[in-house]
Every structure is written in structure tokens, then in C-alpha cells.
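I opened my notebook for a friendly look through this model. Here is what I looked up, entry by entry.

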Amino acid sequence: MSLIEIYSNPKITHHLAEEVIESAKLFREKKGRLPILMEVCGSHTMALAKSGIKGKLKEHVRLIAGPGCPVCVTDQKAIDAMIQLSEKSNVILCTFGDMVRVPGSHSSLLKAKTNGSDIKVVYSPFDSIKMAEDHPDKEIIFLGIGFETTIPALVIAVREAETRGLTNFSIWMSTKLVAPVLRALLLSGEVQLDGFLLPGQVSIVTGKQSYRFLSEEFQMPGVITGFEPVQLLSSIRKLLIQLHEGRSEILNDYTYVVKEEGNPVAQHFMEKYLTCHDEEWRGMGMIPESGLILKEKYARFDAKKKFNVSQTPPKKTKCRCGEMIRGVLTPEECVLFNKGCTPTHPIGPCMVSSEGTCAAHFHFMREDK
Amino acid sequence: MERISLGHGEGGELTHQLIHDVFIRSFDHGEQARLDAAIISSSSEQIAVSTDSYVVDPIFFPGGDIGKLAITGTVNDLAVTGAVPKVITAAFMIEEGFPIRDLKHIVKSMAQEAEKAEVKIIAGDTKVVERGSVDGIFITTTGIGAIEQSYLNPESMKKGDAVIINGTIGDHGIAILSARKQLGLMTNVTSDCASLNQLIQNILRRTKGIRAMRDLTRGGLATGLVELCEDFNSTMEIEEAALPIRDEVKGACEILGFDPVYLANEGKTVIIVDANEADLVLDILHKDEYGADACLIGHVTAVTEQTGKLKLKTPVNTTRRLSRLSGMVLPRIC
């Protein structure tokens with residue numbers, strides 16, 4: 001059996017799911033309600049929905065999607081600015097695929113592309129370095145959105161541009177950090193939680209250490225997990241066991257890729273090139289030191305400094321993605337879901353991002369009932 | 001290197017030379033090339049017609065090229081209706097500057113595939129457009145097939161019918177993505193691009209209970225089956241664990257965030273058949289080069305008055321609904 005087969009093996013998943021349900025029943029007997037767990041990462045939201053786990057556990061565990069979809073948490077103002085940027089002459093805008101369908105106030109990158117903007121979907125920031133070399137007469141801008149998973153790749157792209165002496169490459173930094181947003185979420189007290197399923201990819205970079213505050217300051221257990229059904233169920237089970245035993249530890253259940261200390265090389269380059277700053281989040285507003293931008297020394301690669309984009313206040317829409325991101329609204333509760341807002345005609349990013357809560361619900365859970 | 005010039009599309013001497021040197025030489029039009037239209041005869045009362053345009057980047061990819069695709073695609077469209085593909089016409093839109101060597105290669109592929117599929121390419125057209133107006137070459141083919149018995153009417157689908165696929169899904173999609181070299185994806189996956197008409201005819205000859213077939217191309221398995229379900233009021237349930245997917249394709253999908261059920265195929269068909277004949281169909285498929293990995297993936301679970309649905313059984317034994325592919329298939333961030 002290949003690794004992929006083992007981690008989605010129906011026999012193992014069935015067994016684990018039964019164990020999770022048993023543990024959840026114990027919690028319910030004790031507390032008189034379902035355990036409430038938040039999966040922080042958008043890819044976890046997708047995997048939980050796609051594998052059928054969310055549906056299977058519906059009566060037993062409340063799984064709430066957290067603020068971990070990089071496209072979804074990007075503020076409306078930032079989306080509008082990106083679209084504006086793409087409309088500048090002589091610019092090739094490079095972006096991850098998730099971003100292009102997200103509606104801004106008046107358009108989307110996909111619509112801008114149809115209207116003539118030169119927008120390229122790439123898989124890696126490195127593709128845009130090559131593009132900058134191939135098109136010395138054009139300005140290549142990479143949309144640098146993402147969490148700690150993606151940030152090292154952005155930094156290495158800047159380093160590569162520096163080494164190759166490129167002057168026509170820059171990044172529009174709109175990065176986000178996981179720990180500060182989890183802290184903000186817990187401090188707000190807006191949503192009741194019993195524990196966190198912590199993001200696997202982010203943890204490869206940050207390590208287990210960055211979540212210590214959850215248990216130390218908030219007595220909140222967390223388990224770092226992978227993306228296959230067996231891994232997800234195993235980690236949910238470990239969270240429920242902790243709750244049953246009254247523990248609140250941070251456990252690493254994704255040990256074959258996540259190390260205690262994370263990835264020191266990635267951390268080194270992030271420290272060398274980037275500095276913390278206050279970042280604006282959709283639905284959450286400004287969160288102190290929750291993003292990273294290029295240090296002054298590398299300002300020539302910073303598209304925000306290189307290009308002038310007018311920051312007009314975004315148009316007010318009925319979009320409730322902000323509440324979705326804070327975990328206080330579910331797709332089923334949103335009046336727009338599958339009515340005014342569908343993947344083909346999205347009102348907000350949660351419906352179109354490949355990690356969006358509503359996209360997960362629309363594609364994988366609409367007819368579970 | 002010899003290249004296509006605008007003159008090749010002017011209708012004069014250059015056009016005449018191109019048609020003679022490239023097309024007629026390969027396509028064996030015979031005497032008919034001198035007429036404005038090809039004359040065909042048919043003994044069947046009903047004929048099937050299908051037309052499709054082919055644009056692919058890159059033009060040459062592992063397992064095929066745009067020429068082969070332009071034949072197999074149209075042949076398969078005809079074949080899955082139960083028709084026997086007989087003749088094909090082809091129209092070429094060529095970008096100024098396109099290498100004639102590449103054109104010859106493409107035309108040769110078409111001729112070879114047509115011969116293999118036993119269809120004749122009987123008429124064609126060539127247009128040359130200015131540089132930048134098309135991306136290299138676009139081909140449109142129209143095929144005509146004879147309905148020798150009766151065509152397959154999916155309205156005959158019944159509860160309990162078996163859903164069979166003739167092999168692994170997503171090969172073409174991943175082969176093309178790898179060939180583009182844009183996503184840093186390196187795989188040995190080759191396109192499944194193939195004419196399935198002989199295989200399909202073989203099945204139809206030896207069985208009585210085939211209800212429907214669907215050629216799976218863009219939009220993948222899920223989109224193809226959703227169309228059948230919605231258009232013919234049947235609900236199907238397929239099992240995720242039963243879907244044949246190559247490890248390389250699974251791996252590529254894991255990395256890029258694609259779902260194999262939405263990836264393109266070019267030599268795959270689903271076959272809806274009376275459950276009693278499922279084993280026979282699988283047996284025929286397994287003996288054919290284009291059916292070696294065939295398997296049963298699910299069943300028709302209901303035929304109703306309302307629009308049907310496609311359901312997928314997940315690894316944790318729940319079912320979820322599958323929709324059509326919405327928009328483009330895009331790679332994810334992380």
C-alpha cells in the first residue's frame with residue numbers, strides 16, 4: 001500500500017471515526033454539549049469536508065473553520081489594490097490560482113484579465129523570477145499572500161531577484177501569521193472553543209513552539225495534524241482525549257514532517273529579509289504584528305513602495321465572510337450561501353478560494369443531510 | 001526552416017502546393033479532392049454528426065499531439081452514442097510563421113489515427129491568420145457516423161445499472177500540465193488520448209444491456225456523470241476508493257490541489273450497463289489495450305421524475321454530492 005492509500009484506508013478511518021465518536025460522547029455526557037474544535041487551516045477545512053469526516057462527525061463534534069485560508073483573510077482593500085495594480089500598463093501580475101476569482105469591490109483579477117490585464121497564474125514565486133528575466137521591459141509583480149507556509153518561498157524569490165540583479169521584480173506583500181490571529185481570536189472571546197487542530201504546513205516552518213501560548217496562556221489544547229483522513233481523525237481523537245483527561249497540551253501528530261523547532265533555515269531567511277508589522281485582516285480588522293513585510297533594505301522589491309495605488313475605501317457588500325473567518329457564522333447560517341453567492345457568482349472569497357469554508361461546504365457538504 | 005506564411009492562406013498557388021504537399025499526401029482524398037464537397041454514401045437510415053475544435057498547449061505532448069486529439073476526440077464523441085464513425089472533415093487555423101515541419105507531423109498523426117480508427121478524412125480547409133491571432137494551430141473536425149442498429153438512449157438507464165470506466169482518470173490533464181513545465185511538475189504520465197470506437201463497437205456487438213456511454217474529456221469524470229444524471233433524471237453513486245487513478249496522478253493532485261474527478265481525459269468513457277452484464281463488459285474491456293484498467297466504480301441508485309444527482313461515497317462511508325467543475329482548474333497556494 002502506498003502512503004496515500006494507508007492514510008485514506010477505509011478500514012482504518014472507520015475504526016478511528018468510531019473511536020472519535022466514543023470520545024465525543026464522553027465529553028457530551030460530562031459537559032452537556034458537543035465538543036467544539038477549530039481547524040485553523042483552510043486546507044484542513046477542505047480535507048475534512050471532502051473526506052466526509054465533517055459530515056460523519058456532525059452529530060458528535062462541532063468542527064469550526066478558522067482564519068487559515070490565506071485568500072479569505074485578505075482584506076477587501078488589498079484585493080481592490082491588487083486589481084488596480086494589474087490594470088497598470090507594462091505590468092505582468094503573477095499570482096497563485098486561488099486569488100483570481102476572489103471578488104473585489106467592482107471586479108476580480110479574472111475579470112481584469114478578461115478586460116486585458118496581463119495576469120499569470122503561477123505555482124511558485126520562482127516562476128515570476130523567470131518571467132522577470134524573460135521580460136526585462138516589463139514590471140513583474142508577484143502577489144505575496146499566504147501564511148508561514150508560503151512566506152519562505154517569497155523570501156527566497158526576493159533573494160534570487162537580488163542575486164540575479166533584477167530591477168523589474170517586486171512582491172506585493174500581504175502575508176499573515178497564524179499565532180497572532182489565534183491570540184486575537186481567543187482574546188475577543190467571541191467564539192467558544194475547546195481546542196485547535198493546528199495547521200500542518202505552517203508548523204513545518206514554525207515548529208511546535210509557536211503555539212505554546214495556547215496552552216500556557218489560554219489552557220487551550222492543540223494538535224498539529226496532516227491532511228489525510230487517518231491523520232485528521234487521529235488528531236481529533238487526541239484532542240478529545242486531552243479534553244477528557246483535563247489536559248491542554250500542544251501535541252505534534254504530524255511528526256514525519258513537522259519538527260519541534262520547525263525549519264531553522266526558513267526562519268533564518270525570514271528574519272533576514274522581513275520584519276513584523278500590523279496587518280489588516282478581513283473581518284478582524286488590524287491585528288498587531290500579524291504580518292511580515294520586507295525590511296527597508298529590500299524596499300526596492302516591495303511593490304507597495306514601488307507602485308502608487310490609490311487606497312479607496314471598499315464598496316460595502318452583503319458579504320459575511322468576515323464572520324465566517326472569525327468562526328461565528330457557518331455557511332448554512334449565511335443567507336447568501338447558494339442563493340446570491342455561488343462559486344460561479346461569488347460575493348466573497350470564502351466561496352471561491354480552494355481553502356474557503358463556503359467552497360468546502362458547497363462542493364462537499366451541500367447534501368449531507 | 002520552412003514556415004507557414006500568409007500567402008499559404010491566400011487561396012492561390014502556395015495554398016495549392018500546401019494542400020498537395022501536406023494534406024492530400026497524408027489523407028488519401030483520392031479523386032474527391034478536386035470537388036468542392038466530398039460525396040459520401042450511407043446505407044443507414046440515421047447518421048450521427050459531431051463537431052469539435054481542438055486547441056491545446058503544448059501542441060505536442062507525451063502520448064499524442066493536437067492532430068491525434070482532433071481525430072480521437074471526434075471519433076469518441078460519435079462512438080459513445082453507438083454510432084460507427086465513418087468520415088471526418090478537418091479545418092485548420094494556422095498562425096503565420098508556424099513551422100511546416102510541425103504541420104506535417106500533425107497531419108501525419110491525424111492520418112495514422114484515422115487509419116487506426118478506420119475513419120476517412122474526406123474534406124478540409126486551411127486558413128492562415130496573422131501572427132498572434134491564434135496560438136500556433138487550431139483544428140476543428142466534424143465527424144459523421146452511421147447508426148447501424150440503434151443509438152444509445154440514456155433514458156433507458158435503470159436503478160441498479162452498473163457504472164463502469166475503461167481505465168485510469170486524469171492522465172491527460174496531468175500529462176498536459178507536466179508538458180507545460182510551468183508548474184514545476186515532472187511526471188512520466190502520458191496522455192490517454194485514444195480512439196475508442198472499435199472497443200465500443202466490440203462491446204455493443206457482444207452485449208444487450210448497454211444503456212449509455214459518455215466520452216470523458218474536459219471537466220473530467222465528475223462533470224461527465226453529472227451531465228448524464230441531470231439530463232436523464234438518474235441518480236448515481238460512485239465510490240471514491242474504487243476510482244482507478246495512477247499514483248503519479250494522485251501525487252500531482254495532492255501537490256497542486258486538484259481533484260482527479262475533474263481532470264481531463266481523452267481516451268476514457270463511462271459505460272452504464274445492466275448490472276447482469278457488468279462482468280461481461282469488464283471482461284471485454286480487460287482484454288483490450290484501452291480497457292486494461294477498467295473497473296466498476298458505482299451504480300445507478302435511482303431514476304426519478306426530478307433532476308438526478310451524482311453522489312460519491314467517501315472513505316469514511318458517507319456520501320457527498322459531486323457538482324460540475326466550476327470555472328477553471330487552478331493550482332492552490334499551499
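Entry 1. I began with what the buried residues of α8(A) pack against: β3 (91-95), β5 (139-146), α9 (151-163) and β6 (169-175) of chain A. Helices (H or I, at least four residues) and strands (E, at least two) are DSSP runs, numbered from the N terminus. Contact here means C-beta atoms, placed from the backbone, within 7 Å. In α8 (residues 125-134) of chain A, I found A:P125, A:S128, A:I129 and A:A132 buried (20 or more other C-beta atoms within 10 Å of a residue's own). Seen down the axis of α8(A), they fall within an arc of 110°, so they line one face of the helix; the arc is taken from the directions from the axis to the C-beta atoms.

Note to self: this is a predicted model, where local features need pLDDT of at least 70 and side-chain atom pairs 80 or more, while totals for chains, interfaces and linings use all residues. Residues are numbered from 1 along each chain as written, with chains lettered from A and ligands numbered from 1 in the order written.

Entry 2. I turned to chain B, where α2 (residues 66-79) and α3 (residues 100-117) pack at about 30°, axes 6 Å apart. That makes α2(B) roughly parallel to α3(B) (angles under 35 degrees).

Entry 3. I looked up where the chains touch: 24 residues of chain B are in contact with 38 residues of chain A. On chain B's side, α7 (247-256) and β13 (319-322) each give two or more residues. The most come from α7(B), with four residues.

Key: Axes fitted to C-alpha atoms, helices over the stretch in contact; angles between N-to-C directions. Parallel < 35°, antiparallel > 145°, perpendicular 65-115°, else oblique. Contact = placed C-beta atoms within 7 Å. Buried ≥ 20, exposed ≤ 12 C-beta atoms within 10 Å, placed from the backbone.
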